[in-house]
Amino acid sequence: MNGQVRGVQLARLLGQWHALPGRRRSPDYAALAGSVRGLLADGRLPLGVRLPAERELAEALRISRTTVTAAYRQLRETGHLASRRGAGSWTMLPGNHRVASTGLWTPLDDREMLDLGVAALAAPPQLLSAARAATEDLPRYLGGAGYHPTGIIELREAVADAYTARGLPTSADQIMVTSGTQHALDLVLRLALAPGGTVLVESPTYPNALAALAGRRARITTHGLAADAGWEPDLLLGSLRQTRPKLAYLIPEFQNPTGHLMPASLRERVVAAAHAVCTDLIIDESFVDLSMDGTEVPPPVATYDRHSRVVSIGGMSKPYWGGLRIGWVRASAPQVQRLAAVRVGVDMASPVLDQLVAVHLLADAEDIVADRRVQLAVQRDALLGALAHRLPEWRVTVPRGGVTLWAELDGPVSSALARAAEEVGVRLAPGPRFGLDGTMERFLRLPFTLPAADLVEAVGRIAAIRYDLDRAGRQRWSEPAVIA
Ligand SMILES: Cc1ncc(COP(=O)(O)O)c(C=O)c1O
C-alpha cells in the first residue's frame, strides 16, 4: 500500500471535477468517478493509495454521501478501486494491470533512427581540445597508483567552486566525484537506504532513478506533479509528513521529464518538513546550468539545510557530454568519507584521464554553457513550432530550461504511438516509462536535444502516424532502447 489520501487532499486534486469540458448530461457520481480515473491515469493519484471514507470525501467536496457512494461503486465496477469491508478502498488499475516502468535496455547505434528516447546533447566542440589538454596534464598523475576514491583534487575543487559561486559555500572535501549522476544516486542509496526503505519520488520522474530504487528494493511513494504547475506545495509537504519516508528524491531544476522549476519558497519548506520527519533529501541537479529565457534559478536546495539532511547530486552529462561519465555528490565531509568507503566495494574510483577532461571543460564553463543554452532554446522553439503546426491538439507547458518537454496527448495512446513511431524511424520514450504501474498514457516526453531540423522531421513523422493509430494492428518493438 502506498499510504492514504485525505478528503481535503483529494478534493484539491479533483479541482473543478464537476465542470470538466466534455461533461454533458452525465450524473455527478459518474463525473466524479471519471475524474478519479483521470487522476489515476495521469499518475497524480498513486496506485495502492487508500481513498478517504465516503463521508469524509462528501464533506470535503460539499456533495451528498450517496454521490460518493455511487462514484466509488462505479470505480469498483471499472476495476479502479478495491475495497475490503472495514478496511477501506484502495486505488488500482483494471485487471491489476502493471507495466514495468524501469529496466536497463541496451543501446542501439542506429544512425537512421531519430532518437527522442535519450535526452542528452552531442558533445560540444570544446571537448576535443579539453581532451588534448588533459593528456598533457596526465604525467602529473602517472607517478601514483591512480586510485582516488573521492576524485582528483583539481576536479573536486572545481566542482566545489561552482557550488560556492551559486551561493552555497562548499569545500573540496564535501565533494565526491562519481562516474555520472546515476552512479552518484546509486552510491547514495547504498549508503542511506536499507532494502525495503520508503522513498518519495515525483510522478512523473526520471526512469533510471526508478531503476536504481528498484535495485535497492525501495518502497516507492509518489507526489504527482500537475502538468502545468508542477509541485503542489501542500500536497508535497503533506505526503512527507504523512508517509515519513526515509528518503525523498527530487529534481527541482527543470525536472525530467516535465521541465518544472521549484520556487525558492517551496525549497525552504521542503527542507524544513524533511527535517521535521527525519527524511533525507537527494536533490538531483542534473539540469541546473541549463536555464533559458533569462530564467533565474533559485538558490540550491542545500542552502536551506542546517542539519545535513540534503545530499546534492549532479554531473557533466547534460551541459557537457554524457560520454564523459563524470558526476558528483555534494554532502558533508563525513558523509563523503562514508560514500568513499561504500565505493571501494563497487568501482574503487573514476578514471583519472576523464576527470582531467572535466577539469578543462569546467574551466571553460561560462562559454560552453552559454552556447548550450542558446542551442537548446533554438531547438526547443523549433520543437514547439512543429508541434503547434502538426499536432495542435497536444498541450505543452513551455519549459524554461532543461532539455525536455512533457506533452499531453489527445488520448491515452503514448505506448501505442511509441510502437508505431519505431516503424517510421522515430524512437520515443512513452509516458508510462516515467510513472509507476502503467499510468501516464496520456503523456509523452519530448527532448529537444537533436538538431532543429531532426526535431521538425520527427514531429512530422509522428503526426503522420498519430491519426492512423486506432486503425493500425498491434505492432511490436523492433529493438530495445536506452532512455536517459
Ligand atoms: C534527472 C537525471 N538524473 C540523472 C541522469 C543520469 O545522468 P548521468 O549521465 O550523469 O549518469 C539523468 C540523465 O538523463 C537525468 O535526467
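Where is the place of Pro 257? Pro 257 sits in the loop between strand S7 (247-250) and helix H11 (264-276), with helices (H or I, at least four residues) and strands (E, at least two) taken as DSSP runs and numbered from the N terminus. This is a predicted model, so local features need pLDDT of at least 70 and side-chain atom pairs count only at pLDDT 80 or more, while totals for chains, interfaces and linings use all residues. Residues are numbered from 1 along each chain as its sequence is written, and side-chain values use heavy atoms, with hydrogens and water left out.

Pro 257 is also one end of a cis peptide bond, the other end being Asn 256, with omega at about 15°. A second cis peptide bond links Ser 203 to Pro 204, and here omega is about 5°. Pro 204 falls in the loop between strand S5 (198-203) and helix H9 (207-215). For context, most peptide bonds are trans, and most residues other than glycine have a negative phi. Arg 217 is not a glycine, yet has a positive phi of about 55°. Its place is the loop between H9 and strand S6 (219-224), and at 58% relative accessibility Arg 217 counts as exposed; on this scale buried means under 20% relative accessible area, exposed over 50%, and partly exposed in between (1.4 Å probe, protein chains only). Cys 278 likewise carries a positive phi, near 60°. Cys 278 belongs to the loop between H11 and S8 and is partly exposed at 48%.

Asn 256 turns up again at the ligand. There are 14 residues around the ligand (a residue is near if one of its heavy atoms lies within 4 Å), and those that come nearest are Thr 181, Asn 256, Asp 284, Ser 317 and Lys 318. The shell splits into 5 nonpolar, 6 polar and 3 charged residues; Ala, Val, Leu, Ile, Met, Phe, Trp, Tyr, Cys and Pro count as nonpolar, Asp, Glu, Lys and Arg as charged, and the others, Gly among them, as polar. As for polar contacts (N or O atoms within 3.5 Å), a polar side-chain atom of Asn 256 lies 2.7 Å from a ligand oxygen atom. Tyr 206 places a polar side-chain atom 3.5 Å from an oxygen atom of the ligand, and Ser 286 has one 3.3 Å from a ligand nitrogen atom. Taken alone the ligand exposes 400 Å², of which the protein buries 95%; accessible areas come from the Shrake-Rupley method with a 1.4 Å probe, and for residues only the protein chains shown count as cover.

On to the charges: the structure holds 19 salt bridges, each a side-chain nitrogen of Lys or Arg within 4 Å of a carboxyl oxygen of Asp or Glu. In one of them, Arg 140 pairs with Glu 154, with the closest N and O atoms 3.2 Å apart. Arg 140 lies in helix H6 (residues 139-142) and Glu 154 in helix H7 (residues 153-165), so this pair ties together parts that are 14 residues apart in sequence. Arg 140 itself is exposed, at 53%.

Asp 293 and Arg 400 meet at 2.6 Å, N to O. Asp 293 is in the loop between strand S8 (280-284) and strand S9 (310-315), and Arg 400 in the loop between strand S11 (395-396) and strand S12 (404-408), so the bridge ties together parts 107 residues apart in sequence. Asp 293 is partly exposed at 43%, and Arg 400 is partly exposed at 39%. Then there is Arg 442 with Glu 408, where the closest N and O atoms are 2.7 Å apart. Arg 442 lies in the loop between strand S13 (426-430) and strand S14 (443-447) and Glu 408 in strand S12, so parts 34 residues apart in sequence are tied together. Arg 442 is partly exposed at 23%, whereas Glu 408 counts as buried at 12%. Salt bridges with shared partners also join Asp 293, Arg 380, Asp 381 and Arg 400 into one network.

Elsewhere, Ala 418 of helix H15 (residues 414-423) is buried, with a relative accessible area of 0%. The C-alpha atoms of Ala 418 and Pro 430 are 6.0 Å apart, with their positions 12 residues apart along the chain.

Methods:
A polar contact is a pair of N or O atoms within 3.5 Å; within protein, one must be able to donate a hydrogen and the other to accept it, and residues adjacent in sequence count only if both atoms are side-chain atoms.
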